[in-house]
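Biologist: I'm new to this one and would like a close look at a single part, the hairpin. Could you walk me through that, and then what else you can tell me about the strands and a helix?

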Amino acid sequence: MAGVMDSVNQRTQLVGQNRLELLLFRLDGRQLYGINVFKVKEVLQCPRLTVMPKASPVVRGVANIRGGTIPILDLALATGRRSLDSLENSFVIITEYNTKVQGFLVRSVERIVNMNWEEILPPPKGTGREHYLTAVTRLDQELVEIIDVEKILAEVAPTSEVVSDGVIDAETQQKAGSKHVLIVDDSSVARKQLIRCLQSVGVEVTALNDGRQALDYLRGLVESGRKPEEEFLMLISDIEMPEMDGYTLTAEIRHDPRMQNLHILLHTSLSGVFNQAMVKKVGADDFLAKFRPDELAARVVERIKVTDGA
């Protein structure tokens, strides 16, 4: 298994090329699943687990790995299937989402494949278990499902979505009513979190599902003679999205003189590898790790003050 993962840390050259690499795995049957390699820290045989009292049934236990205690989630059980048995014959994918490390219990891990985000599509309507899918693709005539991990984590360990007192002052909140923010995220959970946070600031919100949809929407605006930087206070975009990722969306916006002045905040769960160099490479104005309502609200408040000359 070490051979599968030994080059993960060298894969950041994919940034801005609308490409990704998926680590493929299976749960309790033949269905193939994928997870972005950028999220993966390590893959190992399932270690000895210590059961935690009163934990969610999805958390099969915690493991001591490299000096740290990491919760291990049963990905099959989390998505409504039968829990995995025979732990000694299973594997754990250690991941980092939203600055937190956790392991996902899976039956088997296969290989890494390099793909274009244009090949990653939203799940078709009526697809079984669509509730937990964020995207699908095809590989060698086989359907690959990409699970909405943010939804699973929100269900197992909900995070606060409340903005703390003092983050939004009354004067700024009053000005916010005339402001409009465009958000782009393929996860329904993430979109709802963003909308609730921004509504607490007081701004109007338009929500789209992926980078291709957002780019088409913005091009439609400019072709009708409108300026995105005047229509929107800012664009808040996820990075991992079907058809077009947030890096490529940002680069496309920056390459079009009609909309290159739009303020862009990349809002991402890629906390393990995401850094300022990547932001500069594609031309984003800022980035923020998911999901931190106080910090997100503060960024929006800051933009309101800047645009109003406060």
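Modeller: Strands β4 and β5 make a hairpin with two residues between them, and Arg66 in the turn has a positive phi of about 50 degrees. Helices and strands here are DSSP runs, numbered from the N terminus: H or I over at least four residues for a helix, E over at least two for a strand. Keep in mind that this is a predicted model, where local features need pLDDT of at least 70, side-chain atom pairs count only at pLDDT 80 or more, and totals for chains, interfaces and linings use all residues. Residues are numbered from 1 along each chain as its sequence is written, and side-chain values use heavy atoms, with hydrogens and water left out.

Back to the hairpin: β4 (residues 59-65) and β5 (residues 68-74) pair in the antiparallel sense over six bridges; two strands count as paired if DSSP finds at least two bridges between them. Val62 stands opposite Pro71 in β5. As for cover, five of the seven residues in β4 are buried, meaning under 20% relative accessible area with a 1.4 Å probe, protein chains only.

Elsewhere, five strands form an open, parallel sheet in the order β12-β11-β13-β14-β15. β12 (204-208) and β15 (286-289) stand at the edges with a single partner strand each, so one side of each has no neighbour in the sheet. Within this sheet, β13 (residues 234-237) and β14 (residues 264-268) pair over three bridges, with Ile236 opposite Leu265 in β14.

Helix α8 (residues 246-255) is mostly covered too, with eight of its 10 residues buried, among them Tyr247, Leu249 and Ile253.

Conventions:
Buried < 20%, exposed > 50% of the residue type's maximum accessible area, 1.4 Å probe, protein only.
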